[in-house]
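Colleague: I'm new to this one. Could you walk me through how to read it?

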Amino acid sequence: MRKLAGIFVLLVGSLCAAVVHAQAYPHKPITIIVPFAAGGPTDTVGRTIAVAMQKRLRQTVVIENVSGGGGTVGATRVAHAAPDGYTLLLYHVGMATAPTLYPDLPFDPLKSFEPIGEVTDVPMTLIGRPGLPARDFAELRAYLARDPAALTYAHAGMGSASHLCGLLLMKALGVDLRTVTFKGTGPALNELLSNRVDVMCDQVTNTNSQIRGGKVRAYGVTTPERIASLPGVPTLHEVGLRGFEVAVWHALYVPAGTPQEVRDKLNDALRYALTDQTVKARLNDLGTDPVPLHKVTPEFTRDHLRAEIDKWAQVIRDARPYVD
Ligand code: MLT
């Protein structure tokens with residue numbers, strides 16, 4: 001009987017500790033790791049939701065940029081962080097491509113993290129530097145057919161969205177472009193605007209204003225339909241790359257082992273952010289939208305991630321000659 005009482009006391013004690021912990025959470029600033037350089041599309045999405053999450057959590061939410069390895073360096077940092085709810089990861093489709101592209105990956109996307117929920121699905125745009133002679137996709141295609149080695153393709157590291165889009169583009173066109181790697185497509189876009197790299201496939205959240213302002217060549221968008229913010233830009237499907245589609249989905253994660261009560265609070269704050277009018281307006285102005293709330297759940301995110309890992313494994317295998 002005494003033993004049973006002892007176990008009971010222990011259980012009650014640990015339950016109270018968990019409740020106290022969760023009730024106290026968050027009692028210090030929260031960091032969202034963005035695994036790409038500041039100024040790029042992932043960083044933009046992170047800073048946009050952080051402001052609203054901060055309001056809901058009544059606690060400072062900061063962004064820390066940890067770039068490298070197509071996002072895997074930052075993801076590794078979070079995978080090994082304390083599971084206390086104070087270190088989060090905002091990562092996109094790269095979480096699904098990393099296992100195929102990085103055989104010695106120091107984390108398992110499905111075991112090293114707990115998903116909080118999805119954030120936004122961002123279309124991509126194929127753009128060229130302002131001085132590139134090709135004024136539209138047909139001219140770009142002809143230019144590449146004449147001399148595939150003539151152009152440089154910029155991306156944010158193997159497994160990044162810009163890298164994946166480039167992979168599919170090179171496979172579709174049958175050309176192996178020279179590639180230039182950056183810590184994020186923020187810095188890459190600066191080089192393209194200065195005519196130091198030639199083409200890039202980047203998220204519309206980074207290119208919308210440049211395209212609208214006529215600062216870059218806009219060859220197409222990677223969605224089945226044209227996007228409302230860029231009605232004059234054709235889809236790549238329209239201009240001849242039948243079925244070419246890349247949507248860059250983003251999700252928020254915490255290290256595996258983070259207490260359920262903490263994860264619930266973060267999910268609540270994320271859902272609040274994605275229904276906040278300022279956030280919706282900002283994302284809309286950038287050419288995207290928050291995902292519908294049924295996607296802002298751990299279950300949906302985990303199932304989607306599992307399916308995406310399998311999908312991209314096949315895509316990458318099929319595009320293997322162009323991977324590096
Ligand atoms: C990507 O290419 O994966 C991202 O656009 C990189 C970034 O957010 O800088």
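Modeller: Sure. Keep in mind that this is a predicted model. Let's begin with Pro26, which sits in the loop between helix H1 (2-24) and strand E1 (30-34).

Colleague: How do I read the backbone there? Which peptide bond joins Tyr25 and Pro26, cis or trans?

Modeller: The general idea is that most peptide bonds are trans, and most residues other than glycine have a negative phi. Here, Tyr25 and Pro26 are joined by a cis bond, with omega about -5 degrees.

Colleague: And what about phi at Arg58, positive or negative?

Modeller: Arg58 isn't a glycine, yet its phi is positive, at about 50 degrees. You'll find Arg58 in the loop between H2 and strand E2 (61-65).

Colleague: Now the ligand. How many residues surround it, and which are the closest?

Modeller: To read a shell, look at who is in it and where they come from. There are 13 residues around the ligand, the closest being Thr42, His92, Ala161, Ser162 and Thr185. By class, four are nonpolar, eight polar and one charged. Helix H2 (41-57), helix H6 (161-173) and strand E7 (199-203) each give the shell at least two residues. Both domain 1 (26-121 + 249-320) and domain 2 (123-246) contribute at least three residues each.

Colleague: Which polar atoms lie by the ligand's oxygen atoms?

Modeller: Go through them one by one. Thr42 has a polar side-chain atom 2.6 Å from a ligand oxygen. For Ala161, a polar backbone atom is 2.7 Å from an oxygen of the ligand. Gln203 places a polar side-chain atom 3.1 Å from a ligand oxygen.

Colleague: How much of the ligand's own accessible area does the protein cover?

Modeller: The protein covers 100% of the 270 Å² that the ligand has on its own.

Colleague: And what is the space taken by the ligand?

Modeller: That space is the largest cavity.

Notes:
Residues numbered from 1 in each chain as written. Predicted model: local features only at pLDDT ≥ 70, side-chain atom pairs only at ≥ 80, totals over all residues. Heavy atoms only, no water. Near = heavy atom within 4 Å. Polar contact = N/O pair within 3.5 Å; in protein donor to acceptor, adjacent residues only side chain to side chain. Areas by Shrake-Rupley, 256 points an atom, 1.4 Å probe, with all protein chains shown as cover. 1 Å grid on protein atoms, 1.4 Å probe; cavity = no way out; pocket = protein on both sides within 12 Å on 5 of 7 lines; lining within 4 Å. Sits in = over half its atoms within 2 Å of the grid points. Helix = DSSP H or I, 4+ residues; strand = E, 2+ residues; numbered from the N terminus. Nonpolar A, V, L, I, M, F, W, Y, C, P; charged D, E, K, R; others polar. Domains from an automatic or database assignment.
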